[in-house]
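I opened the model to record how its strands pair, how its helices pack and where its nonpolar side chains gather. The entries below follow that order.

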Amino acid sequence: DLESLDLELPVYHIHSLTAANIQRNLNRAQTNFPTFRAIYSELIQAEYLRSQLDRGNVKSPWYVITLVRDPMAKTLSSFFQALEVELHGGVDYREGAQTESQQQVVDTVLARFYEAYVNNPNRRHPFDWFDRELKTNLGMDVLAEPALGEKNYHIYKNERATVLLLKLESLASSAQPAFQEFLGLKDFQLTPSNVRAQKQYGSLYQDFLDRIELPTTYLDWVYDFAPVKQFYSEAEIENFYQRWRKPKVA
């Protein structure tokens with residue numbers, strides 16, 4: 001946890017620096033404020049950092065930390081996190097389990113996923129974030145760099161930013177050497193957070209994963225995307241692909 005290390009530097013946790021995304025999220029937060037009674041701090045931080053870029057107040061390169069993850073696993077997890085946000089707004093997709101069955105609730109959730117992702121021609125790949133955010137806002141073109149292959153992390157540099165990119169799958173073993181090279185932290189330790197077992201949706205997520213069937217055309221679209229091949233080796237991608245292609249075994 002960088003915020004607990006007293007680095008004498010401000011630490012921000014954001015997902016987007018793109019002005020249109022920030023404004024859209026601010027508008028949504030204002031609309032939902034009577035229900036949620038809160039605005040996420042990351043949104044305020046993002047708006048502040050965007051203003052610093054726009055005003056030319058960035059005098060030295062930013063240090064940026066980002067993760068990559070199996071893009072199919074990332075998509076599924078993000079979908080359920082969005083459902084969890086709905087819970088705080090009073091929309092509880094689990095209510096059917098009280099009068100019907102959990103299987104019927106999962107049916108409903110699966111239908112929503114297929115509509116939003118598998119059958120949606122306008123779906124967005126999770127890895128287009130690198131062009132949309134890093135390249136657009138900080139001039140960092142990671143696709144122009146050598147592919148990571150079997151490496152578990154890499155540090156990219158330009159005049160605007162120094163970016164540490166880590167693979168989530170190997171984070172436990174790579175975090176300490178990565179942060180020592182990136183920030184000179186010799187005894188950096190990970191602090192578990194955002195653990196799925198702590199989420200409100202509980203066993204529904206596992207039932208969802210057990211039952212989901214992903215067509216090969218969709219999986220091909222997910223794993224043939226150029227940034228995926230930039231960050232993962234052929235063997236890693238094949239393992240990801242087979243994880244989601246194979247029928248579930250009891």
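I looked first at S1 and S3, which pair in the parallel sense over seven bridges. I took two strands as paired if DSSP finds at least two bridges between them. Helices (H or I, at least four residues) and strands (E, at least two) are DSSP runs, numbered from the N terminus. Within this pair, Tyr63 stands opposite Thr162 in S3, and Thr66 stands opposite Leu165 in S3.

I note the basis of these entries: this is a predicted model, in which local features need pLDDT of at least 70 and side-chain atom pairs count only at pLDDT 80 or more, while totals for chains, interfaces and linings use all residues. Residues are numbered from 1 along each chain as its sequence is written, and side-chain values use heavy atoms, with hydrogens and water left out.

I then turned to the other side of S3 (residues 161-167), where five bridges join this strand to S2 in the antiparallel sense. S2 and S3 form a hairpin, with three residues between them. Here I found His154 opposite Leu165 in S3 and Tyr156 opposite Val163 in S3.

I recorded the whole sheet as open, with three strands in the order S1-S3-S2 and mixed pairing. Strand S1 (62-68) and strand S2 (153-157) are the edge strands, each pairing on one side only. Neighbouring strands are turned by 15 degrees against each other on average, direction ignored. Axes are lines fitted to C-alpha atoms, for helices over the stretch in contact, and angles run from 0 to 180 degrees between N-to-C directions. Helix H7 (residues 171-183) packs on the sheet and touches S1, S2 and S3; the direction of H7 makes about 165 degrees with that of S3. Contact means heavy atoms within 4.5 Å.

Which residues of S1 are buried? Trp62, Val64, Thr66 and Val68 point to one face and are buried, whereas Tyr63, Ile65 and Leu67 point to the other and are not. Buried means under 20% relative accessible area, exposed over 50%, and partly exposed in between (1.4 Å probe, protein chains only). In S3, both faces are covered: Ala161, Val163, Leu165 and Lys167 on one side and Thr162, Leu164 and Leu166 on the other are all buried.

I next examined helix H5 (residues 102-118) and helix H8 (residues 203-211), whose axes come within 10 Å and cross at roughly 65 degrees. The contact includes Val106, Leu110 and Phe113 of H5 and Leu204, Phe208 and Arg211 of H8. The residues of this contact divide into seven nonpolar, three polar and three charged. Ala, Val, Leu, Ile, Met, Phe, Trp, Tyr, Cys and Pro count as nonpolar, Asp, Glu, Lys and Arg as charged, and the others, Gly among them, as polar.

I then listed the cores, each a set of buried Ala, Val, Leu, Ile, Met, Phe, Trp, Tyr and Cys residues joined through side-chain atoms within 4.5 Å. The largest nonpolar core has 45 residues, and those with the most contacts inside it are Met72, Phe113, Phe208, Tyr223 and Phe231. Leaving aside neighbours within four places in sequence, Phe113 is in contact with residues including Met72, Phe79, Phe208 and Tyr218. Apart from the largest core lies another, of eleven residues, among them Ile155, Leu164, Leu166 and Ala175.

Finally, I noted that the protein chain comes to eleven helices and three strands. Buried residues make up 37% of its 250 residues.
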